[in-house]
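Please work through the exercises below with the model open beside you, and try each task before you read its solution.

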Amino acid sequence: MDCDRCGRCCYEFSHQIHFLSDETFILKPIEFQDNFVEEKVQLYHKYMDKFKKKTQNKMRFFIPTKKQIFPYLNSQSQKYLIDEMVHPNECMFLSWQERLASCEIHQYNPQMCKDYPTAKGGVCKGHPEKKYTKHFYYYQKQKIGFAIQALEQIYSERINSPIAFEILTILMDFGDFNLDQLMVFFEKDFFYSKSEIVKAMDDLKDLGLIFQEQNRIQGISLKEVEAQIDEVMKRRGWQYPH
């Protein structure tokens with residue numbers, strides 16, 4: 001997919017962007033010709049331990065935002081940073097040329113950036129319409145199918161329609177969706193009637209599996225599914241296998 005350089009992934013995901021310990025940029029300092037970029041790279045390596053965190057048994061070296069790195073710059077560089085900054089929470093290595101976003105360390109950027117948006121089902125921040133496609137549906141099904149199956153088991157006596165779980169497959173763990181676009185997608189691509197879709201959504205809402213506010217709708221997160229599974233197992237006296 002061609003990138004239109006809107007930069008949204010570089011400031012809306014800014015607190016999630018990180019390197020892993022085996023990536024080139026972390027293993028050795030890399031020289032850049034641009035003096036300001038070089039200064040920021042050196043600063044990152046100097047203070048990167050302040051922004052590292054171990055999660056899921058992996059050490060992650062997070063890239064600070066421009067707001068976070070600002071105090072560590074000299075006064076001249078601080079002024080330059082203010083002049084170029086569009087969003088305070090944008091990645092410290094994001095630059096702009098005539099409102100087009102550009103990564104100053106693109107050749108050595110984190111693997112997670114290289115994998116985006118493929119790792120998000122091909123849906124990038126600048127193209128949310130791609131959420132309303134079968135391609136995204138099958139991506140979600142592969143990613144969270146185990147959670148959907150667990151919920152089907154838990155609520156088998158309270159939800160009879162398979163449509164409900166197909167809707168939840170799209171919505172789960174992926175933020176807000178536009179209700180009108182979602183309705184059109186299921187009518188057009190799955191050939192469901194509007195009444196079938198509304199009934200399935202009502203069932204999901206009654207069980208707290210999806211939430212609606214005006215024309216925005218979203219599903220529960222994977223963490224919330226895990227909590228529900230734990231609660232059911234506790235209530236029924238089940239235990240996880242060792």
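The exercises that follow concern a predicted model and deal with its overall build and its salt bridges.

**Exercise 1.** Describe the overall build of the protein, using its helices and strands and its buried residues.

*Solution.* Begin with the secondary structure, where the protein has eleven helices and eight strands. Next, turn to burial: of its 242 residues, 43% count as buried. Finally, consider the exposed surface, which comes to about 14800 Å², with carbon and sulfur atoms supplying 50% of that area.

**Exercise 2.** Find the salt bridge between glutamate 84 and lysine 40, and decide whether the two residues are buried or exposed.

*Solution.* First look at the distance, since the closest N and O atoms of glutamate 84 and lysine 40 are 3.5 Å apart, and a salt bridge requires such atoms to lie within 4 Å. Then locate the partners: glutamate 84 belongs to helix H5 and lysine 40 to helix H3, 44 residues apart, so that the pair links distant parts of the chain. Lastly, both glutamate 84 and lysine 40 are buried.

**Exercise 3.** Examine the salt bridge between aspartate 83 and lysine 79 in the same way, and state where the two residues lie.

*Solution.* The side chains of aspartate 83 and lysine 79 meet at 3.3 Å, taken from N to O. Both of these residues lie in helix H5, four residues apart, which is about one turn of the helix. As for their surroundings, aspartate 83 and lysine 79 are both exposed.

Technical notes
Residues numbered from 1 in each chain as written. Predicted model: local features only at pLDDT ≥ 70, side-chain atom pairs only at ≥ 80, totals over all residues. Heavy atoms only, no water. Buried < 20%, exposed > 50% of the residue type's maximum accessible area, 1.4 Å probe, protein only. Areas by Shrake-Rupley, 256 points an atom, 1.4 Å probe, with all protein chains shown as cover.
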